[in-house]
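Here are my notes on the model you sent, set out as numbered points. Please read them alongside the coordinates.

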Amino acid sequence: MRTAKSARRAGATPALRLLQQAAIPHTLRSYEHNPASELSFGLEAAAALGVDPARIYKTLLTDVDGALVVAILPVFKRLDLKALAAAVGGRRAALVEPDVAERVTGYVVGGISPFAQRKRLPTVLDECASDHETVLVSAGRRGLEVEVAPSNLVALTGAVTARIQFGRGIREA
């Protein structure tokens, strides 16, 4: 697990600073992001880190009935917008445009962390995260992932868990 001192040397992001301040056990995992990669950001991370894509989770920003909601699910799965809306008591959900996601979260697309966003938003974590001892999410920039226990991810984001993925998804890696 990383210490505050080692994270400072790694150029700590707001997400890493929050994990340190909350004393949440975590492991920082980095790789060289390839802008020319044809893989999605998450599948690129899985391949570069040699990690099963089922343990790498993407963070998506959505609009549910006019309110912003964060969705966290495996990188190779598709977001079930109706299930996400139902998980937060809404009727309709849609992904927000990338520029809106960047402005609202304070992170770039491909590096949006569920931790330490500019504003704390309702968050839904796909229930399959509990199948793993740890999962990896963006640490706040492309090429930087943080490995945490799903229970700590829930605790620090205030997430509810629900099945928000559908189908078999796209599995490349």
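1. In what sense do strand E2 (residues 57-64) and E5 pair, and over how many bridges? In this predicted model, E2 and E5 run antiparallel to each other, with 3 bridges between them. Within this part of the sheet, Asp63 is found opposite Ala94, a residue of E5.

2. The wider sheet is open and built from 5 strands, which follow one another in the order E5-E2-E3-E6-E9 with mixed pairing. Strand E5 (93-95) and strand E9 (160-162) each have a single partner strand and stand at the edges, so one side of each has no neighbour in the sheet. From one strand to the next, the twist averages 35 degrees.

3. Helix H6 (residues 150-157) lies across strand E3 (67-74), strand E6 (123-126) and E9, and its direction makes an angle of about 170 degrees with that of E6.

4. The structure holds 2 salt bridges. In one of them, the side chains of Glu147 and Arg29 come together with an N to O distance of 3.1 Å; because Glu147 belongs to strand E8 (residues 144-148) and Arg29 to strand E1 (residues 27-30), this pair ties together parts that are 118 residues apart in sequence.

5. Arg55 also forms a salt bridge with Glu147, with 2.7 Å between the closest N and O atoms. Arg55 lies in the loop between helix H3 (41-49) and E2, whereas Glu147 is in strand E8, so the parts tied together here are 92 residues apart in sequence. Through shared partners, the salt bridges join Arg29, Arg55 and Glu147 into one network.

6. As to accessibility within that network, Glu147 counts as buried at 15% relative accessibility, while Arg29, with a relative accessible area of 22%, is partly exposed.

Methods
Residues numbered from 1 in each chain as written. Predicted model: local features only at pLDDT ≥ 70, side-chain atom pairs only at ≥ 80, totals over all residues. Heavy atoms only, no water. Pairing = 2+ DSSP bridges. Helix = DSSP H or I, 4+ residues; strand = E, 2+ residues; numbered from the N terminus. Axes fitted to C-alpha atoms, helices over the stretch in contact; angles between N-to-C directions. Contact = heavy atoms within 4.5 Å. Salt bridge = Lys/Arg side-chain N within 4 Å of Asp/Glu carboxyl O. Buried < 20%, exposed > 50% of the residue type's maximum accessible area, 1.4 Å probe, protein only.
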